[in-house]
Amino acid sequence: MQTILFHDTIFGPIHSRRLGTSLGVNLMPRDGKVCSFDCLYCEAGYNAQGPGKAGLPSREEVARLLEQKLQEMHAQGQSLDVITFSGNGEPTLHPDFAGVVDDVLRLRDRYFTAAKVSVLANSTQLHRPDVCDALRRVDNNILKLDSAVESTMHALDRPASPAFTVEKVIPQLAEFPHNAIIQTMFTRGSHDGVAVDNTTPAEVDALIDAYRRINPREIMVYSIDRRTPEQSLQKIPADELRAIADRITRETSIPVQLTL
């Protein structure tokens, strides 16, 4: 089984396909995974590997480690495009997520004023006002919507809570008009004998309708680029992915960032 990739609370900087030179903030355990999704394509592996024994880093620990790294990078004259909440699970599950966001913004302003702060979130915690307020404070509020078809979303993202539905999350995403960046991972394959494909015309129709309702600042369209836990998943060919992105742009007039 593929397991976690990030063994530190602050990791990188690394080159992100979508964001540039990125310093990662991992609010989940260093030795396990905690997530409210169990995506077939997650580079950190399935949730079955367990949460480990380290526990979640405290707000104070995150701030201390981040400041150490930013001081070091600043002293060495390194460049930084973005500080990104990512890692071994869903960052908005951290009980002090909003406070950590405040600390990261403060430290960014002290050491790398031009860098953006981005959160890669799976949209499962948008029922929490503290999470929503914090997401509005960051530069790039990047929220997931892989499918607007209930059965496909459940098959691909496998949310831990049966209460999480497309019907509920689309109105929640619409609470961030011109603010949220919606990211959609396109792929196809099968899992446990069940076909999974969010690239069909019907799937794209449903996503386009959802994008219109949400009215985000931007849409990120991409496909898998690393080894996935479900090995049958396919990277969508560039010409096909480009055609999907072109259609989304044409029918929504929303800017689309295509990552090939």
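Let's start with the strands: β2, α1 and β3 make up a β-α-β unit, and its handedness is right-handed. Bear in mind as you look around that this is a predicted model. Strand β2 covers residues 20-26, and its pairing with β3 is parallel, running over 5 bridges. If you want a spot to anchor your view, find Ser22, which stands opposite Val82 in β3.

Now stay on β3 and go the other way. Strands β3 and β4 also run parallel, joined by 4 bridges. Here the residue to pick out is Phe85, whose bridge partner in β4 is Val119. There's another right-handed β-α-β unit at this spot, made by β3, α2 and β4. So how covered is β3, residues 82-86? Mostly: 4 of its 5 residues are buried.

Next, move along to helix α3, residues 129-137. Which of its residues are buried? They are Val131, Cys132, Ala134 and Leu135. Look down the axis of α3 and these buried residues fall within an arc of 165°, so they line one face of the helix. What do they pack against? The buried residues of α3 have helix α2 (97-111) and the strands β4 (116-121) and β5 (140-144) as packing partners.

While you're on α3, check out a salt bridge inside the helix. Arg136 pairs with Asp133, with the closest N and O atoms 3.7 Å apart. Both residues sit in α3 with a spacing of 3 residues, about one turn of the helix. Arg136 has 39% relative accessibility and counts as partly exposed, and Asp133, at 42%, is partly exposed too.

That pair has company, as the structure holds 18 salt bridges. The general idea is simple: side chains of opposite charge can pair when their charged atoms come close. A nice one to look up is the salt bridge between Asp103 and Arg59, where the closest N and O atoms are 2.7 Å apart. This pair links distant parts of the chain, with Asp103 in helix α2 and Arg59 in helix α1 (residues 59-75), 44 residues apart. Are the two ends buried or partly exposed? Asp103 is buried because its relative accessible area is 9%, under the 20% cut-off. Arg59 is partly exposed, at 29% relative accessibility.

Another salt bridge brings together the side chains of Asp109 and Arg108, with an N to O distance of 2.7 Å. Arg108 is buried, with a relative accessible area of 10%, whereas Asp109 is partly exposed at 45%. For something with more members, look at Asp205, Arg212, Arg247 and Glu251, which are linked in a network of salt bridges.

Now jump to strand β10 (residues 256-258), where you'll find Gln257. What does this residue touch, once residues up to four places away in sequence are left out? Its contacts are Arg18, Glu218, Ile219, Met220 and Val221. With Glu218 there's a side-chain to side-chain polar contact from Gln257, at 3.5 Å. Ile219 is 38 residues from Gln257 along the chain, yet their C-alpha atoms are separated by 6.1 Å.

Finally, a few backbone details to check if you like going through torsions. A cis peptide bond joins Gly12 and Pro13, with omega at about 10°. Pro13 belongs to strand β1, residues 10-16.

Then there are residues with positive phi that aren't glycines. His178 has a phi of about 60°, and it sits in the loop between α5 (166-173) and β6 (180-191). His178 is exposed because its relative accessible area of 55% is over the 50% cut-off. Asn215 also has a positive phi, about 55°, without being a glycine. Where does Asn215 lie? Its place is the loop between α6 (201-214) and β8 (218-223). With a relative accessible area of 27%, Asn215 is partly exposed.

Terms used:
Residues numbered from 1 in each chain as written. Predicted model: local features only at pLDDT ≥ 70, side-chain atom pairs only at ≥ 80, totals over all residues. Heavy atoms only, no water. Buried < 20%, exposed > 50% of the residue type's maximum accessible area, 1.4 Å probe, protein only. Helix = DSSP H or I, 4+ residues; strand = E, 2+ residues; numbered from the N terminus. Arc of directions from axis to C-beta. Contact = heavy atoms within 4.5 Å. Salt bridge = Lys/Arg side-chain N within 4 Å of Asp/Glu carboxyl O. Polar contact = N/O pair within 3.5 Å; in protein donor to acceptor, adjacent residues only side chain to side chain. Pairing = 2+ DSSP bridges. Right-handed = clockwise from strand over helix to strand, strands pointing away.
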